[in-house]
Amino acid sequence: MKAPEVAYACPSTLDEALTLLSRHGDEARPLAGGQSLVTALNMRLAAPALLVDLNRIPDLAGITRRDGVVRVGAMTRHRDLGASDLVRDHLPLVAAAVPHIAHPAIRNRGTLGGSVALGDPAAELPACCLALGATMVLRGQGGERRVPADAFFLGLYATAIAPAEILVAIEFPLPEPGAVWGFQELARRHGDYALAGLAATARRRERGLDAVRLVFFGVGDRPVLARGASAALAGAGIRAAQAALDADIDPPDDVAVKGRTRRHLARVLLGRVAGGMLEGAP
């Protein structure tokens, strides 16, 4: 299939982009890496009147560390996340997730902001943002606001981004002393969407873990912070966390796999990732 007829604008400043989005309202869509939106256009699943290309706005990309956070511009490519020393040193969970994102051609164009703004429930980076307690920085013509990851993902492809707003950056807090992490996913083939995945963070203590955040992806309509399983892992261990997980997730049946299979895979991932964190090695 071919994409529908659509107008195209390529602003060079953020203010110009925001003006275009505000003027055209729901008829306009921002274009980042285009790895999901262009496919949706070609399949006639999306038909905006105007595409606002963000690729020539220089301030929207880059990775910096300051004021206790690593700030990643929304237009930062997946490949640049994976190659960044700052990300490897301070956000090893993100560095571990990047090689699982589709294939090199996708990672060369896809962006962190595009993935997070889309809110695909099977994507790796939204789950990492939630596990790390990231903050989404949004900009509209009325100014800038910050939304914590816990309040950002609202449902299937639904986020807290308001009409005529642009996600401009994601801020990740620097890890605390004793921080550990784990990332794994299970897919039919490397590069396919995960049947189930887990991004996890915690703090090691003398006899176990605390501050546990177990975030599953591919098992619901958004990345799922398994609060019951996280508390059980901190207080009672892996088996208790696996038992508690049943109340945290309710994967639906779909054409790819039964919900009960995803639930089983999520338990398996919890055991593997939690075991690695308890040993101090992701």
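**Figure 1. Salt bridges in this predicted model add up to 17.** This is a predicted model, and the next few views pick out some of its charged pairs. Let's start with arginine 71 and glutamate 171, whose side chains meet in a salt bridge with an N to O distance of 2.8 Å. Where do the two partners sit? Arginine 71 belongs to strand S5 (residues 69–73) and glutamate 171 to strand S10, so this pair ties together parts that are 100 residues apart in sequence. Are the two partners buried or exposed? Arginine 71 has a relative accessible area of 17%, so it falls under the 20% cut-off and counts as buried. Glutamate 171 is buried as well, at 13% relative accessibility.

**Figure 2. Arginine 139 and glutamate 144 form another salt bridge.** Here the closest N and O atoms are 2.9 Å apart. Glutamate 144 is partly exposed, with 36% relative accessibility, and arginine 139 is partly exposed too, at 24%. Now bring back the pair from the previous view: Arg71, Arg139, Glu144, Arg146 and Glu171 are linked in a network of salt bridges.

**Figure 3. Aspartate 210 meets arginine 203 in a salt bridge.** The N to O distance between these side chains is 3.1 Å. Aspartate 210 comes out at 23% relative accessibility, which makes it partly exposed. Arginine 203, with a relative accessible area of 28%, is partly exposed as well.

**Figure 4. Glutamate 165 is a buried residue in a loop.** The loop in question runs between strand S9 (158–159) and strand S10 (166–173). Glutamate 165 has a relative accessible area of 13%, so it counts as buried. What does its side chain reach? A polar atom of the glutamate 165 side chain lies 2.9 Å from the backbone nitrogen of alanine 162. Setting aside neighbours within four places in sequence, glutamate 165 is in contact with Leu21, Leu138, Arg139, Gly140, Arg145 and Ala160. You've already met one of these, Arg139, as the salt-bridge partner of glutamate 144.

**Figure 5. Three strands make an open sheet in the order S1-S3-S2.** The pairing in this sheet is parallel. Which strands stand at the edges? Strand S1 (7–9) and strand S2 (28–31) do, each with a single partner strand, so one side of each has no neighbour in the sheet. Ignoring direction, neighbouring strands here are turned by 25 degrees against each other on average. Take a look at S2 and strand S3 (residues 50–53), which pair in the parallel sense over four bridges. Proline 30 stands opposite valine 52, a residue of S3.

**Figure 6. Helix H8 is largely enclosed by the rest of the structure.** Why say that? Eight of the eight residues of H8 (residues 124–131) are buried, so the helix is largely enclosed. Try finding them: Glu124, Leu125, Pro126, Ala127, Cys128, Cys129, Leu130 and Ala131. Just after H8 comes glycine 133, with a positive phi of about 65 degrees.

**Figure 7. Threonine 201 reaches the backbone oxygen of alanine 131.** Threonine 201 sits in strand S12 (residues 196–205), while alanine 131 is one of the buried residues of H8. The threonine 201 side chain gets to that backbone oxygen at 2.8 Å. With 13% relative accessibility, threonine 201 counts as buried. Not counting residues up to four places away in sequence, threonine 201 touches several others, including Leu93, Leu132, Val180, Trp181 and Met277.

**Figure 8. The largest nonpolar core holds 39 residues.** Which members touch the most other members? Val94, Met136 and Phe172 do. Several elements each supply at least two residues of this core, among them S5, helix H5 (92–97), helix H7 (112–118), strand S6 (135–140) and strand S13 (208–217). The largest share, six residues, comes from H8. Zoom in on valine 94: leaving aside neighbours within four places in sequence, valine 94 is in contact with Leu81, Val87, Leu125, Cys128, Leu132 and Phe172. There's also a second, separate core of 27 residues, and its members include Ala200, Ala202, Val224 and Met277. Met277 should ring a bell, since threonine 201 touches it.

How values were computed. Residues are numbered from 1 along each chain as its sequence is written. This is a predicted model: local features need pLDDT of at least 70, side-chain atom pairs count only at pLDDT 80 or more; totals for chains, interfaces and linings use all residues. Side-chain values use heavy atoms; hydrogens and water are left out. Buried means under 20% relative accessible area, exposed over 50%, partly exposed in between (1.4 Å probe, protein chains only). A polar contact is a pair of N or O atoms within 3.5 Å; within protein, one must be able to donate a hydrogen and the other to accept it, and residues adjacent in sequence count only if both atoms are side-chain atoms. Contact means heavy atoms within 4.5 Å. Two strands pair if DSSP finds at least two bridges between them. Axes are lines fitted to C-alpha atoms, for helices over the stretch in contact, and angles run from 0 to 180 degrees between N-to-C directions. A salt bridge is a side-chain nitrogen of Lys or Arg within 4 Å of a carboxyl oxygen of Asp or Glu. A nonpolar core is a set of buried Ala, Val, Leu, Ile, Met, Phe, Trp, Tyr and Cys residues joined through side-chain atoms within 4.5 Å.
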